[in-house]
Amino acid sequence: MDCKEVSANLNPFISGTLSASKTRALLKHLKECDFCCDELNVRLMAARVNEILKTDKNVSYDLRNAAVPVIRAAKRKVVLNDLIWTVLILLLLAGILFVILHFVAGIL
Ligand SMILES: [Zn+2]
């Protein structure tokens with residue numbers, strides 16, 4: 001069995017539906033080929049992730065929107081930061097105005 005044949009037979013190998021003779025040939029090839037071992041590992045990991053996603057209903061398949069909650073949280077943080085700075089600047093200006101008025105009233 002060559003790499004192309006292994007690749008074509010990996011899914012039935014993983015699911016256990018590959019014939020015994022092909023399984024033997026595939027295992028023999030895997031002993032000699034790191035590339036196909038890597039491909040097997042990748043397919044097994046993908047199958048595992050797929051299994052997890054199917055069983056966990058809170059996980060989204062749509063990876064395009066994976067950044068949305070992160071971006072929303074970052075925007076909230078920026079707005080809160082701006083609000084805090086605005087309040088601090090207003091308090092500082094009020095304090096300066098109070099000192100000026102107190103100084104002027106003291107002179108008068
Ligand atoms: Zn190979």
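**Note on helix H1 and its neighbours**

1. H1 passes H2 in a left-handed crossing. This is a predicted model. H1 covers residues 3-15, and H2 covers residues 20-32. Their axes lie 11 Å apart, at an angle of about 120°. Angles of 65 to 115 degrees would count as roughly perpendicular, and those over 145 as roughly antiparallel. H1 and H2 are therefore oblique to each other.

2. Which residues of H1 meet H2? They are Val6, Asn9 and Phe13. On the H2 side, the partners are Lys22, Thr23, Leu26 and His29. The contact of H1 with H2 is mixed in class: three residues are nonpolar, three are polar and one is charged.

3. Now look along H1 itself. Helix H1 has 13 residues. From first C-alpha to last, H1 reaches 19 Å, close to the expected 18 Å. H1 also has a kink of about 45° at Asn9. The proline Pro12 follows shortly after. Asn9 is also one of the H1 residues that meet H2. After H1 comes Gly16, with a positive phi near 85°.

4. H1 has a second partner, helix H3, residues 34-55. Here the axes are 10 Å apart and the angle is about 30°. Angles under 35 degrees count as roughly parallel, so H1 and H3 are roughly parallel to each other. Their crossing is right-handed.

5. What makes the contact between H1 and H3? From H1 come Cys3, Val6, Ser7, Leu10 and Ile14. From H3 come Phe35, Cys36, Glu39, Leu40, Arg43, Leu44 and Ala47. By class, nine of these residues are nonpolar, one is polar and two are charged. Val6 appears in this contact and also meets H2.

6. A general point helps in reading these lists. An α-helix has 3.6 residues a turn, so residues three or four places apart point the same way.

Note on methods. Residues are numbered from 1 along each chain as its sequence is written. This is a predicted model: local features need pLDDT of at least 70, side-chain atom pairs count only at pLDDT 80 or more; totals for chains, interfaces and linings use all residues. Axes are lines fitted to C-alpha atoms, for helices over the stretch in contact, and angles run from 0 to 180 degrees between N-to-C directions. Helices (H or I, at least four residues) and strands (E, at least two) are DSSP runs, numbered from the N terminus. A crossing is left-handed if the near helix is turned anticlockwise from the far one by less than a right angle, and right-handed if clockwise. Two residues are in contact if their C-beta atoms, placed from the backbone, lie within 7 Å. Ala, Val, Leu, Ile, Met, Phe, Trp, Tyr, Cys and Pro count as nonpolar, Asp, Glu, Lys and Arg as charged, and the others, Gly among them, as polar. The expected span of a helix is 1.5 Å times one less than its number of residues. The bend at a residue is the angle between axes fitted to the seven residues ending there and the seven starting there.
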